[in-house]
Structures are given as structure tokens and as C-alpha cells.
Amino acid sequence: MEPLVITQGGTVTHEHLERMVLGSEPWLTLGYTGEHLPGILRLFQQNEHLTAHQGNRLAGAAAFTRHWLLGGYLKLLVVDPDLRGGGVGGKLMDALEDLMFQDSPNLFACVSSFNASALAFYHKRGYQKVGVIEQLIVPQHDEILLRKTMGPWRGYKNNKP
Ligand SMILES: CC(C)(COP(=O)(O)OP(=O)(O)OC[C@H]1O[C@@H](n2cnc3c(N)ncnc32)[C@H](O)[C@@H]1OP(=O)(O)O)[C@@H](O)C(=O)NCCC(=O)NCCS
């Protein structure tokens, strides 16, 4: 098998997202359909992102912003359904955390309350629940706000305001 290569940036297309996002949880339960794909694509076009490739194949991707509550915010993380459980998500998160913790001590993410596997994935990586955003996307479910922190912001690696 070809090695996994993580890159800052890289192309994520409508077709990639159709394959990786639609038809998968949590987006099925959250009611995402083809009409939402342009909005999901914009997450990658308008934000910094990381891509994971095996050869020419997009294995996974993460869109994020560096400027959210004295830290970064992971807007979307997705791994190709055929490759889940194979370490791709973990390697994307390793790369993202290396990048974000250079400048600030926090990385935040939201996970749907019913998404037990993603909650387990983040928990294992040291993310803690810091809040519940009730009925953010659909009335039946909440979003759990997670934070991984290296400590208080003041004094962290001489960061600037
Ligand atoms: C959640 C997701 C990003 C994880 O990526 P992945 O490539 O499947 O996860 P990995 O194989 O890298 O797993 C990394 C670690 O998390 C653990 N983990 C993953 N799923 C788990 C689960 N359901 N229960 C317990 N631990 C789990 C693995 O055991 C692994 O630990 P290890 O490195 O000590 O063996 C991926 O499964 C995915 O795209 N899911 C659908 C979309 C989604 O839920 N996105 C996140 C919500 S915003």
C-alpha cells in the first residue's frame, strides 16, 4: 500500500465530498443532501485545510480556522469511508495539532451528540467536553463542543494578542 502523505492545502472536489460525506454519519442523521454540497465545498475553498493522500487517492481532509476562542477550530474532518479505522484521521489530527499548537494552546471541535465513534476518537486524543450547543443543526440532536488544550493562553510560547 502506498504511504499516507499529509499536505497543507490540496484539492478537495465536489465529487470527493459527495463520496466521503453524503451517505455517511453524522451527515445522514443531520439531513445533509446534495443541495448542501456547495456549502461543504466552500469550507475547503475558504478555509485553511489539510489533505491526506495515498498515491493519487484522497484519503481524508480537515478544514480549520486558526482564529477562534484563543485557539483553532476544526470545522470539518472526514476520512474516506473505505479507509476509516485505518489511522488516516489520527494522522490528520497529529498534523493539525502540530500546526495549531505552534501558535496557540487550544484546538476546538464540535461533534454531534449521537456520533459515538467520533466522540471516542477525540476523547482518546485528549479532547474534553466543554459545552453542549443544543439543537444547533437539527432539533433532535445537540452538538458537543470539545477542547484540547496545552494550558492557559497567557504566556503560551510568547504568543501575541
Ligand atoms: C471520525 C474519523 C475522522 C476518525 O478517523 P479514522 O481514520 O477512522 O480514525 P483512526 O483509524 O485514525 O483512529 C484513531 C484512533 O481513534 C480510535 N477510534 C476510532 N474510532 C473509534 C471508535 N469508534 N471507538 C473507539 N476508538 C476509536 C482508534 O482506535 C485509534 O486509536 P489508536 O491509534 O490508539 O489505535 C472517521 O472515522 C470519519 O471520517 N468518520 C465520519 C465523519 C466524522 O464522524 N467526522 C468527525 C466528526 S466532526
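## Helices and strands

The protein chain in this predicted model holds four helices and seven strands. Following the sequence from its start, you meet them in the order β-α-α-β-β-β-α-β-α-β-β. With a radius of gyration of 16 Å, close to the 15 Å that the globule rule gives for 161 residues, the chain is as compact as a globular protein of that length.

Along the principal axes, the C-alpha atoms fill a box of roughly 45 × 40 × 30 Å. Contacts reach well along the sequence, too: of those between residues at least 6 apart, 62% join residues at least 24 apart.

## Surface and charge

How much of the chain is buried? Of its 161 residues, 45% count as buried. The chain exposes about 8800 Å², and carbon and sulfur atoms supply 52% of that area.

The charged side chains come to 15 positive and 15 negative. The centres of these two sets lie 9 Å apart.

## Two nonpolar cores

In soluble globular proteins, nonpolar side chains tend to be buried together. Here the largest nonpolar core has 25 residues, and the members that touch the most others are Leu74, Leu77, Val88, Met93, Leu96, Leu107 and Tyr122. Two or more residues come from each of these elements: strands E2 (48-54), E3 (57-65), E4 (72-79), E5 (106-112) and E7 (143-149), together with helices H3 (88-100) and H4 (116-124). Helix H3 gives the most, with six residues. There is also a second, separate core of 15 residues, which includes Leu17, Leu22, Trp27 and Ile40.

For a look inside the largest core, try Leu107, one of the members that touch the most others. Setting aside residues up to four places away in sequence, Leu107 touches Gly72, Tyr73 and Leu74, then Met93, Leu96, Glu97, Met100 and Phe101, and finally Tyr127, Leu146, Arg147 and Lys148.

## Thr51, a buried residue in E2

Thr51 lies in strand E2. Is Thr51 buried or exposed? Its relative accessibility is 0%, so Thr51 counts as buried.

Beyond its neighbours up to four places away in sequence, Thr51 touches Val5, Ile6, Thr7, Gly9, Gly10 and Val12, as well as Leu58, Gly60, Ala61 and Leu92. Leu77, a member of the largest core, is 26 residues from Thr51 in sequence, with 9.9 Å between their C-alpha atoms.

## The start of the chain

Met1 sits in the segment before E1. Its relative accessible area is 89%, so this residue is exposed. The C-alpha atoms of Met1 and Gly39 are 33 Å apart in space, while the two residues are 38 apart in sequence.

Glu2 also lies ahead of strand E1 (4-8). What does Glu2 contact, leaving aside its neighbours within four places in sequence? The partners are Gln54 and Gly55. His53 is 51 residues from Glu2 along the chain, and their C-alpha atoms are separated by 9.0 Å.

## Backbone features in the loops

Which peptide bond is cis, with omega near 10°? That bond runs from Glu25 to Pro26. You will find Pro26 in the loop between helix H1 (14-20) and helix H2 (37-45). Glu25 is also 10.0 Å from Pro81, C-alpha to C-alpha, although these two residues are 56 apart in sequence.

Pro81 itself is in the loop between E4 and H3. With a relative accessible area of 32%, Pro81 is partly exposed. Apart from neighbours within four places in sequence, Pro81 is in contact with Arg19, Met20 and Ser24.

The loop between E3 and E4 is worth a stop as well. Leu69 is located there, and its phi is positive, about 50°, although Leu69 is not a glycine. Leu70 has its place in the loop between E3 and E4 too, with a positive phi near 55°. As for the surroundings of Leu69, its relative accessible area is 57%; this is over 50%, so Leu69 is exposed.

Methods: Residues numbered from 1 in each chain as written. Predicted model: local features only at pLDDT ≥ 70, side-chain atom pairs only at ≥ 80, totals over all residues. Heavy atoms only, no water. Core = buried A, V, L, I, M, F, W, Y, C linked by side-chain atoms within 4.5 Å. Buried < 20%, exposed > 50% of the residue type's maximum accessible area, 1.4 Å probe, protein only. Contact = heavy atoms within 4.5 Å. Rg over C-alpha atoms; globule rule 2.2 N^0.38 Å. Areas by Shrake-Rupley, 256 points an atom, 1.4 Å probe, with all protein chains shown as cover. Lys, Arg positive; Asp, Glu negative; His and termini not counted. Charge placed at Lys NZ, Arg CZ, Asp CG, Glu CD.
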